[in-house]
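Dear colleague,

I am handing over the structure we spoke about, and I would be glad if you could look through it alongside the notes that come after it.

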Amino acid sequence: MSLETEQLARRIHEIDERVANLRYDVDQKEIQKLTLERRTMDSLFELLSHEESLRTQFADNDALLAEGTDSEFAAMIEEDKLRLRRELDAVHAQIEEERIPKDLDDDKNIIVEIRGGVGGDEAALFAADLFRMYSYFAGQHGLKIEVISSHPTEIGGFKEVVFSVLGVGSYKLFKFESGVHRVQRVPETEASGRIHTSTATVAVLPEAEDVDVHIDDDDIKLELFHASGHGGQNVQKVETAVRMTHIPTGITASCQDERSQLKNKEKALKVLRSRVYELMKEKADSEMIDERRAQIGSGMRNMRIRTYNFPQGRLTDHRIGLSLYNLPLIMEGNLDPVVDALHRASRERTLETPILQGNDDD
């Protein structure tokens, strides 16, 4: 057993002992952190053990050749060595990927906020197109969409739409979508056929639980008001709409889509907690030297990340210089080629960047 494998086995044992002595109702956050570390180490331990087994087999084959064998048996051994070399290369690549620090938020549900930007009605229509694209994309991966709040326009667009994506791995799948999305196309309302440029902003927030960020009731300003309707009998006469303000940060969240005030409160609190959590993450990131994150783009919503050029049928992701000429398919939710390319670029740049090791307090 190699030194690294022995160290991993020892750390796995330490984690098991530590978790056994913690209380889930008190130490939930630490247990989650240790469990994730254990899961990552288990995978790396198995890969390293497999690599050692392959190297042993490779050395045994060399020993057999050194002893001298007939040509037919020697050819079989050489063929087996080629197989082992291919397996070793594949396992080594997996080991390198396992060594990349894992994002603790990758498996979380998310909250996505899409807002029409520059371009008036056309920007609102583009926001609706993005919502539709993401809905199809989530569905293709077995994830569920749940609208939290929306502000539709009369012509079918959205000034703003906020929704949850529910399912394991939601954040990992959507994490690189935050930023400014630009569209170039001829609007349906444009009689002269002139191409317009409009934008919409997307923010992807990992859904925070109370264990991630605790918000005291005293730190929340709650406002109730009548939900806006389309006039006439659809206007609600009771105050079901909710607006929450986190007093220490000034961050707000509102919800009016549900007929129940309680459900609107629950949804608004979910958004508020996630926005506060994202602010905390941004502050933590700004205090760290993180070249990997800077290379791929931090995902800040004021950063132009992508252009959707409809006349050319082209999508361009500016962060990695990727251009694809299948825009109609992508708008139907076939985002995997884009997302996969972004993850590959992130992994490659992480492997190129020395990882600073720090000592945990565990």
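The notes below deal with one helix and with several salt bridges.

Please keep in mind that this is a predicted model, in which local features need pLDDT of at least 70 and side-chain atom pairs count only at pLDDT 80 or more, while totals for chains, interfaces and linings use all residues. Residues are numbered from 1 along each chain as its sequence is written, and side-chain values use heavy atoms, with hydrogens and water left out.

Helix H4 covers residues 121-140 (helices are DSSP runs of H or I with at least four residues, numbered from the N terminus). Its 20 residues should span 28 Å, at 1.5 Å times one less than the number of residues, and the end C-alpha atoms lie 29 Å apart, which agrees. Among the buried residues of H4 (under 20% relative accessible area, against over 50% for exposed and in between for partly exposed, with a 1.4 Å probe and protein chains only) are Phe126, Leu130, Phe131 and Tyr134.

A search of the whole structure finds 20 salt bridges (a side-chain nitrogen of Lys or Arg within 4 Å of a carboxyl oxygen of Asp or Glu). One of them joins Arg55 and Glu51 at 3.2 Å, N to O; these two are four residues apart in helix H2 and so separated by about one helical turn, and Arg55 is partly exposed at 46%, whereas Glu51 is buried at 11%. Arg132 forms another with Glu332, the closest N and O atoms being 3.1 Å apart, and this pair links distant parts of the chain, 200 residues apart, with Arg132 in H4 and Glu332 in the loop between helices H8 and H9.

Best regards
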